[in-house]
Amino acid sequence: VKYNGAFGYFIEVTKANLHLVPEHYVRKQTMTNAERYYTEELRQRFFQLIYIFLFISGVIFTNVTVFVKILENPVQGIKFIQLSPGEYLISTIKITIYSGFLICIPLIICQLIFFMLPALTKNEKKFILPIIGISFLLFGLGLGFSYYLLIPAALKFFVDYSSTVIE
């Protein structure tokens, strides 16, 4: 699966493997050594991810105060200030986009795997499901590690480092 600005996402198949292309693939471009195809499934999965991201981001944007309180928890004793009139709006948009993307990462991985699943052999499918579970577990552990250990330590360092010079 590749992407270019003219055609968007496509599947490139070499001339030697053209006999393996399913009937429902639509040819987009003929090249000297390959053919480029797209499937409606690939488009649907891509747009589903966009719609889900927009929906999650909309929910976060409407409830941004809850997310701001969650983000403020690791920084006890530090008061956030607004230095310009539009700064809170820009911060709200950044929180919305980053949080929406963070929540969508597992969905993106699932959509990619579900798209590639028919091409895998039975043996590969047996290994991929435990790997997916372990990946999500490690993703959650990484978020927890960052939130509870890394962010407080980093903020303590930055506050202590600048406390002698900056008020």
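At what angle do helix H1 and helix H3 pack, and how far apart are their axes?

## Helices H1 and H3

In this predicted model, helix H1 covers residues 40–62 and helix H3 covers residues 87–116. The two pack at an angle of about 150°, and their axes lie 8 Å apart. Angles over 145 degrees count as roughly antiparallel, so H1 and H3 are roughly antiparallel to each other. If you turn the view to look at the pair, you will find that H1 passes H3 in a right-handed crossing.

What kinds of residues make up the contact of H1 with H3? By class, there are 17 nonpolar residues, 7 polar ones and 2 charged ones.

## Two residues of H1 to look at

Arg45 is a good place to start, and you will find this residue in helix H1. Is Arg45 buried or exposed? The relative accessibility of Arg45 is 18%. Buried means under 20%, so Arg45 counts as buried. The side chain of Arg45 is joined to that of Gln111 by a polar contact of 2.7 Å. Leaving out residues up to four places away in sequence, Arg45 touches Gln111, Phe114 and Phe115.

Further along, Phe53 also has its place in helix H1. Phe53 has a relative accessible area of 24%, and is therefore partly exposed. Which residues does Phe53 touch, once those up to four places away in sequence are set aside? They are Ile97, Gly100, Phe101 and Cys104. Another pair to try with the distance tool is Phe53 and Ile108: 55 residues separate them in sequence, while their C-alpha atoms are 9.7 Å apart in space.

## Helices H2 and H3

Helix H3 also packs with helix H2, which runs over residues 64–72. Here the angle is about 80° and the axes are 11 Å apart. An angle from 65 to 115 degrees counts as roughly perpendicular, which means that H2 is roughly perpendicular to H3.

Which residues meet where H2 packs with H3? From H2 come Val64, Thr65, Phe67, Val68 and Leu71, and from H3 come Tyr88, Thr92, Ile95 and Ser99. Sorted by class, this contact holds 6 nonpolar and 3 polar residues, with no charged residues.

Thr92 deserves a closer look. This residue is found in helix H3, and with a relative accessibility of 6% Thr92 counts as buried. Apart from neighbours within four places in sequence, Thr92 is in contact with Phe61 and Val64. Val64 is one of the H2 residues that meet H3.

## The loop after H2

Between H2 and H3 there is a loop, and Gln76 has its place there. Is Gln76 buried or exposed? Gln76 has a relative accessibility of 64%; over 50% means exposed, so Gln76 counts as exposed. From C-alpha to C-alpha, Gln76 and Phe46 are 40 Å apart in space, with their positions 30 residues apart in sequence.

## Phe10 in strand E2

Now for a strand: E2 spans residues 8–14, and Phe10 has its place in E2. With a relative accessible area of 3%, Phe10 is buried.

Which residues does Phe10 touch, not counting those up to four places away in sequence? The list is Val1, Lys2, Tyr3, Asn4, Lys28, Arg36, Tyr37 and Leu42. As for Leu71, the C-alpha atoms of Phe10 and Leu71 are 39 Å apart in space, and the two residues are 61 apart in sequence. Leu71 is among the H2 residues that meet H3.

Key: Residues are numbered from 1 along each chain as its sequence is written. This is a predicted model: local features need pLDDT of at least 70, side-chain atom pairs count only at pLDDT 80 or more; totals for chains, interfaces and linings use all residues. Side-chain values use heavy atoms; hydrogens and water are left out. Axes are lines fitted to C-alpha atoms, for helices over the stretch in contact, and angles run from 0 to 180 degrees between N-to-C directions. Helices (H or I, at least four residues) and strands (E, at least two) are DSSP runs, numbered from the N terminus. Angles under 35 degrees count as roughly parallel, over 145 as roughly antiparallel, 65 to 115 as roughly perpendicular and the rest as oblique. A crossing is left-handed if the near helix is turned anticlockwise from the far one by less than a right angle, and right-handed if clockwise. Ala, Val, Leu, Ile, Met, Phe, Trp, Tyr, Cys and Pro count as nonpolar, Asp, Glu, Lys and Arg as charged, and the others, Gly among them, as polar. Buried means under 20% relative accessible area, exposed over 50%, partly exposed in between (1.4 Å probe, protein chains only). A polar contact is a pair of N or O atoms within 3.5 Å; within protein, one must be able to donate a hydrogen and the other to accept it, and residues adjacent in sequence count only if both atoms are side-chain atoms. Contact means heavy atoms within 4.5 Å.
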